[in-house]
Structure formats: structure tokens, C-alpha cells
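Dear colleague,

I am handing over the structure we spoke about, and my notes on it follow below. Please read them with the coordinates open beside you.

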Amino acid sequence: MTSEDKRRHFPKGFVWGVATAAYQIEGAWSDGGKGQSIWDAFTHAGGHVSDGSNGDVACDSYHKFEDDVILMKQLGVTSYRLSISWSRVIPDPLNGTVNPVGVAYYNRLIDTLLANGITPCVTLYHWDLPLVLEEEVGGWPKEQIIPYFVDYAETCFQAFGDRVTMWITFNEPMVFTSMGYVSGEHAPGRQDLAEVGPYACVHNVIRAHAQVYRMYQDKFQSDQNGHVGISLNSDWAEAPEPKRPEDVSAAELYLLFSLGILAHPIFVDGDYPPTLKERMAARAKGGHSRLPVFTEEEKAYVKGSADFFGLNYYTTRYVVEGAEDGKSHYRGDCKAEASTDPQWIRGQSEWLYSVPWGLRKLLSYIRGQYGSPRVYVTENGFSDSPGTVQDRARQTYLHQHLVAVHQALTEDGVDVLGYFCWTLMDNFEWAQGYTECFGLFHVDFRDPQRKRTAKESAKFFKEVTSTNSV
């Protein structure tokens, strides 16, 4: 048997990509008429980022995007998942004036990608809410934010939709709602919903997503022929003792609270999962559940409001039934205790363990629970320490997880259409600043030129894309 015989080949046309987010790489935080975002304010306030850093310059991709496209060309990727900075395109959404300099920047980036044979996949919201919408409207807990997001999305469809045919409305809603408004670890740093939970935020995100999807179908689909989806994140939840019904139920609840709360309304019936509603009703005080209710009209437009399922997967947890404390708060709603296996390989991030079989199980779970949707793995990656170039652990992680994707596709019947590695290059990693690095390319943040250097994993990923196999 030759080495070629041992390779696992992906279907023709399988999408190979890398992903980034605007705030994490662009820099130029006040250039070209850009307005402030909640992450600008959050980092400038101090005390929120482990190394005291911010994204003011980051990778300086605003000025170096052509260099970044060259890196992608070297990798051989066919798609680039980028996000648009809302406050760069519409600095003050309250007056709605579009910033031509911001639009021109994304036009140049999109055109450069296409000129190099790379298809843009655009995320509309990757956590950098315009600051004015937080301060004057109240952010994602307030339903008044929805029309502003719809207007912003329409602006992007009008400006870029003649060349962009793959759109993602939101990236990881459960992260930016729970960490931004419940724990306060992320921007805008609010903890006033700690007892209430992120449910109002999630409810508004789902409705905003659905309205944008329907608006695209009504106004743009016939001319632009694009596809609109959403990227949801989840660990896989594994019951360590499958014969213990209470632990199996706890693992299921864990998945419902992290994934099903968004996926079930969008991909199944326009409403929250019955088990989730029952759990929240059981925890209601005074008979009032903290989980909002969709109207029948809302259910109709939420149901089926995605052309594809974007999945961000990084790790797995063993889950068992947790103790009931009787208090109404978000952390107790799931009633699950999560743990890891000491044999799992950990990344630089304290939460990140390499568990490739969890990705295969999660993909199969999505196929069974959500009507076998078209799936893109829109993020998957591994962190290492700053300065690492000989990144053997990342190569192993990517190899094993790509094998898991191939198994899900060829053996489990999951309709996986593509894979986006997180991330193209080391960047500003939110509350961890520059202490954790996920890039295929090392970035020297001490160098004013932000020199990029290929890691060993970049060479590995290039072999994957060039052979369409692993």
C-alpha cells in the first residue's frame, strides 16, 4: 500500500478555508472614519485583558491585507472567512450614515481575494458592536437593536453582495451574549444579567438573524444567488457512564443550552427545544420562565431561516448531573457538571483539549437533530504559546480533527461541505490578549511591521489543500 492509498480524500469542490475576525486582526481602530466598538471601549478601560493589551493595531491587517491574501495563496485555500466591522461601515448606526472609506476598504479586500481565486465568506457580526448601540440602545438585551442590525446587513448586501455569495449573520451567539452580559469577561463587560441569564439577548439574536435571512430572500436572492447561514459553537458533551440515565440527560441538556437553544428554532420548528422549555419552566419563580416566548408569526419566519449550519468546534467535556441549588440563575439552569480527561492534550488555552472524536459525534448529532443540514466547520483550531513556530501539537490536532470530519462525511452521512481553520495568523485573542496563539502564521507583535512567519502547521495545511486529502 502506497502513502497515497492511505490518504483520506475529500469530495471534489470541498471548501478549504481559514477564518479571522475584524477586531482581532484589522487594527486601525480609529482610522478612516471608523466609529468605536464595544471592544475598543472595553480594552481601553483597562483591567479586562490578561496582558493589558488591545486591538488598536493587532495584526495591522487594515494596512496589510494584500500581504495576508498572499499568505492565503501560499496555503492554497479556496475561501477566506472574514468579518466586517459594523462600526467601520456605519460609524454611528443611530444616524445610519454609511462610511465610504470603510466600504472601500472591504471592496478592495474582496476584490483582491477574488483576483487570487479565493472566495470570500463574510460574517456580519463577530462581537464588535458599535459602542453607541450599547450606550444609547442598551445592546443585545434590548429588542430595539434588531432593526439596526437589519439595516446594517442590508447595507452590506447592497455594497458587497454582487461578489459575496456566502454570508454568516452571527458568530457564536452563546459566547458573546453569556460572556458579554452575564459573566462580564468580554465586552461590554456587563454582569447585570447574571441572575436573568442571556436569554433575552439570545432571543433578539435569533429574531435579528431570521429577519436578515428573510430580507435577503425577499430583496437580494434572485439577483445575487447567495447563501445565508449562522455559525454556532458547542463542545461535544459525553456522558462518561452511558448506563446512568441522569448523566445522559445532563449531557443532552448541556448540548441544548449551548447549541439547541439556537439551532432548534432556526433548523427545526421556530421554537426552543421542548426539553429546554420544560427545564426553564421547572426553574421558574412565580410561574414566570426566564426563557422568552416566540409569537406564532415569529416561529414561522425563524423556522428554516438558514441555508447552512456553521459549526465552530474546539473541544469536548464529560458531563454528569449536577447538584440542584434551587436558585434561579443561568449557571444552575443546565444542571450539569463538566470535566475533562487528564489524558487529553491541552492547548495554551486552559479550556482547550484535543478531542477529535467529539467533533465526529457532534457532526453526527447535528445531522440527526436538525434535519441533516448542509454543514461547514467554520472554526476549528488549537492554541500554543507566543513565539511557537515548530507547532507539532497543532499539526496533530488538525490532522486528527480532519480525519474526524472525513469520517463524519463518508461514514456517518453528514453533509459537510467545507472546513475553515482558525486561524490564518496569531491575533488579539479577546480577554487573553496576545498570550494565546491560534495562527498558522506567527506574527511578531513587537515588530512595527508585524512580520508574519509560516509555522510548520501552515506547511501541513497546504499539503491538505493541495491534495484535497488528509
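**Barrel, core and pocket**

In this predicted model, 8 strands with parallel pairing close into a barrel, and their order around it is β1-β2-β3-β4-β5-β7-β12-β13. From one strand to the next, the twist averages 25°. Helix α10 (residues 199-219) packs on the sheet, where it touches β3 (119-125), β4 (166-171) and β5 (227-233), and the direction of α10 makes about 165° with that of β4. Elsewhere in the barrel order, strand β7 (residues 309-312) runs parallel to strand β12 (residues 375-379) and is joined to it by 4 bridges; Gly310 has Tyr376 in β12 as its bridge partner.

Turning to the interior, the largest nonpolar core has 158 residues, and the residues with the most contacts inside it are Val18, Trp140, Phe149, Trp167, Phe309, Leu363 and Tyr419. Helix α12 (residues 245-269) contributes the largest share of this core, namely 13 residues. Leaving aside residues up to four places away in sequence, Phe149 touches Trp86, Leu124, Tyr125, Trp140, Thr169, Phe170, Ala208 and Val212.

The largest pocket holds about 1800 Å³ of space. It is lined by 50 residues, of which Val175, Ser178, Met179, Asp235 and Tyr254 are the closest to its centre. At least two residues of the lining come from each of α9 (173-181), α12, α15 (330-333) and β9 (336-339); helix α12 thus appears in the pocket lining as well as in the largest nonpolar core.

With best regards

Key
Residues numbered from 1 in each chain as written. Predicted model: local features only at pLDDT ≥ 70, side-chain atom pairs only at ≥ 80, totals over all residues. Heavy atoms only, no water. Pairing = 2+ DSSP bridges. Axes fitted to C-alpha atoms, helices over the stretch in contact; angles between N-to-C directions. Contact = heavy atoms within 4.5 Å. Core = buried A, V, L, I, M, F, W, Y, C linked by side-chain atoms within 4.5 Å. Buried < 20%, exposed > 50% of the residue type's maximum accessible area, 1.4 Å probe, protein only. 1 Å grid on protein atoms, 1.4 Å probe; cavity = no way out; pocket = protein on both sides within 12 Å on 5 of 7 lines; lining within 4 Å. Points joined across faces, edges and corners; volume = space filled by probe spheres on them.
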